[in-house]
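Please open the structure in your viewer and keep the sequence panel visible beside it. The tour proceeds by selection: each stop names what to pick and then says what is found there.

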Amino acid sequence: MMVRWHSSLFLCLIVCGVHSTIRDKKLKWPTVGISVLVRNKAHTLPYFLSCLWNLDYPKNRMYIWIYSDLNEDDSNDIIEEWTKNYASEYNNVFATTNNTRDETQMEKLSDWSLEHFQHVIQLREKALELGRNMWADYLFMIDADVFLLEPSTLKILVNKNEAIVAPMLFSDGLYSNFWCGMTDSYYYKRTDDYKPILERKNIGCHEVPMVHTAVLISMRDTTSDLLTYVPQKIDNYDGPEDDIIAFAMNAKYHGIPLKICNDHVYGYVPVPADFKSDPEQMINIKLEALSHHTPIPLSDDLEKYINYPMPWKYGCDEIFMINLERRAERRKLMEMSFKEIGMEATLFNAVDGRKLDMNDLSEYSITLMPNYEDPYHKRPMKAGEVGCFLSHYFIWKKIVENKYAITLVLEDDIHFVPHFRYKFHQLMEEIKELDWDLVYIGRKILQNDEEVYATAHTTKPLYSYWTLGYLLSEAGARKLLAMEPLNKMLPVDEFLPIMFDQHPNETWKAHFPLRNLKAYSAAPLLVHPTHYTGQEGYISDTEDSQILQPEEIEDNEIRNEL
């Protein structure tokens, strides 16, 4: 094992092993070279390197080559720390770092300048030549802000037997590492084929005009000798001085197909941003991964390089997160999300509908609303809906008892939107202009086109479902409690629209004569469900509970009286 530190930083892995489609177990995986360019990636490197370590590929068959320069952060320190701790597990590690801070050079090679692109092109070409010189069977060109959560990514891609193939990566929006169209001037063009691939409605490996960010090249294919990132090496090339465009067009000219594969959830990549906003994009992508219950791994020895925001109450007197005790995984994921956005939330143990029985309903003096029937399922209330209502109800009581002026109530199956911190602060500033009792930050909008804006980012909500997240004032809590909702209970997301007088059911509304809750909603919304009905991983603790028959409750009350 040998570690060499040079004057700049560039990462290249050469991985060796047996091709899994070959049945002879004595054979080794093909060699794979992985190259990574690093600049100002201290906020991503701990996660990137943790994911790299987790790849299910024989580490004693891997070679790592690292190149990094002109950093204004701790990128080099992170690479050196990781190399010190993990290099001995690999066949070889070479690292080139440049710690000089030449301001003129840094300005010349700033993001998106012509000199920057030329510099990157030279490094990409160097990685390609290295792979050839090392006799690598494959070369994996991967950026330092790619997070591969599928440990078998390399094995899966190698087994594709493609000349050039990329694992499709998710972001917090529509951005990914492939194009389905290219303009006449060689830039990105959105086509109808893009979203079905991105959303995995059309699963497989698809030929596309561009793959980038994480690309596996078969160096065993004879056509790989024709590949280049250098525009000047491409005959009749009239495109821009751009590494990924030159590479894609050169492959096209030589008839080498580019494939994007979405047959697995391989991992994530942040939306590109400048140096200052890049860390915020990293938070966005971590929240996106958490919403899918797949947190990005982080080695214990690298966590010290992560700067989490200081936790605070976001301008609220209290923040409650409602969670069932038996939903420990949800609780852990929410706590991880709070850590990422610096939110100081208080756990509120939800009332578990599964554990409620008739005696509990009598104890709480609960009477179900007469003739209530779920609008969609045409059934009475379920025990889970009673538990959900009671959880919110007891929080309303706490608000009044403690005289909390502003409280944020969150459920435990939510996903914070990108740039949540900025958007929530913006919302809090805008509602200072409003006389409000309740402000939704997450709900199911049923009549979006008809809602009227109150401020730039709030509307007056019409009939809505869900109680994913909302701000509630002390006055609002008093209004909700004053209607004694336990005496004529219906689901909480039906009760709230009744209280701001936007419910379509006149019979139900008649049970609550004073419907004067002043309600608003964030627009666009700031939290969404982590899963929707029918999606893999969807769980509903309200729907997955027993139906309560009103007559059984009445009979039980009579027995208790006797």
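A residue is called buried when its relative accessible area is under 20%, exposed when that value is over 50%, and partly exposed in between. Select C388 to apply the rule: its relative accessibility is 22%, so C388 counts as partly exposed. Now select C180, whose relative accessible area is 15%; C180 is therefore buried. Please bear in mind throughout that the model is predicted.

**The whole chain**

Display the entire chain as a cartoon. The chain has 562 residues, and 57% of them are buried. Its secondary structure consists of 16 helices and 25 strands. Among contacts with a separation of 6 or more, 79% join residues that are 24 or more positions apart. Switch to a surface view next: the chain exposes about 25100 Å², of which carbon and sulfur atoms supply 48%.

**The eight-stranded sheet**

Return to the cartoon and select strands β16, β17, β18, β20, β21, β22, β23 and β24. These 8 strands form an open sheet, and the order across it is β17-β16-β18-β23-β20-β24-β22-β21, with mixed pairing. Which strands stand at the edges? They are β17 (346–349) and β21 (452–455); each has a single partner strand, so one side of each is left without a neighbour in the sheet. Look along the sheet to follow its twist, which averages 35 degrees from one strand to the next.

A general point helps with the next selection. Strands of a sheet pair through backbone hydrogen bonds, and the pairing is either parallel or antiparallel. Select residues 406–411, which are β18, together with residues 464–473, which are β23: these two strands pair in the antiparallel sense over 5 bridges. Within this pair, highlight L408 and find its bridge partner in β23, which is L471.

**Two helices across the sheet**

Add residues 328–341 to the selection. This is helix α9, which lies across β16 (318–323), β17 and β18. Its direction is at about 155 degrees to β16.

Then add residues 420–430, which form helix α12. Helix α12 lies across β18, β20 (438–445), β21, β22 (458–460), β23 and β24 (519–522). Relative to β20, helix α12 runs at about 125 degrees.

**The disulfide**

Show the side chains of C205 and C261. How many disulfides are counted in this model? The count is 1, and the disulfide joins C205 to C261 with an S to S distance of 2.0 Å. C205 lies in strand β11 (residues 205–208) and C261 in strand β14 (residues 258–261), so the pair ties together parts that are 56 residues apart in sequence. The torsion about the S-S bond is about 110 degrees, so this disulfide is right-handed.

Are the two cysteines buried or exposed? C205 is partly exposed, with a relative accessible area of 30%, whereas C261 is buried, at 0%.

**Salt bridges**

The count of salt bridges comes to 30; a few of them are visited here. Begin with E81 and K304, whose closest N and O atoms are 3.2 Å apart. E81 belongs to helix α2 (residues 75–86) and K304 to the loop between α8 (278–291) and β16; the pair links distant parts of the chain, 223 residues apart. E81 is buried, with a relative accessible area of 14%, while K304 counts as exposed, at 55% relative accessibility.

Next, select E199 and K201, whose side chains meet in a salt bridge at 3.2 Å, N to O. E199 counts as partly exposed at 36% relative accessibility, and K201 counts as exposed at 65%.

Continue to E385 and R379, where a salt bridge has an N to O distance of 3.2 Å. In this pair, both E385 and R379 are buried.

Finally, select D501, E506, K509 and R515 together, since these residues are linked in a network of salt bridges.

**A last stop in a loop**

Select L70, in the loop between β4 (62–68) and α2. At 6% relative accessibility, L70 counts as buried. Add V38 to the view: L70 and V38 are 32 residues apart in sequence, and their C-alpha atoms are 9.3 Å apart in space.

Key: Residues are numbered from 1 along each chain as its sequence is written. This is a predicted model: local features need pLDDT of at least 70, side-chain atom pairs count only at pLDDT 80 or more; totals for chains, interfaces and linings use all residues. Side-chain values use heavy atoms; hydrogens and water are left out. Helices (H or I, at least four residues) and strands (E, at least two) are DSSP runs, numbered from the N terminus. Buried means under 20% relative accessible area, exposed over 50%, partly exposed in between (1.4 Å probe, protein chains only). Contact means heavy atoms within 4.5 Å. Accessible areas come from the Shrake-Rupley method with a 1.4 Å probe; for residues, only the protein chains shown count as cover. Two strands pair if DSSP finds at least two bridges between them. Axes are lines fitted to C-alpha atoms, for helices over the stretch in contact, and angles run from 0 to 180 degrees between N-to-C directions. A disulfide is a pair of cysteine sulfur atoms within 2.5 Å. A salt bridge is a side-chain nitrogen of Lys or Arg within 4 Å of a carboxyl oxygen of Asp or Glu.
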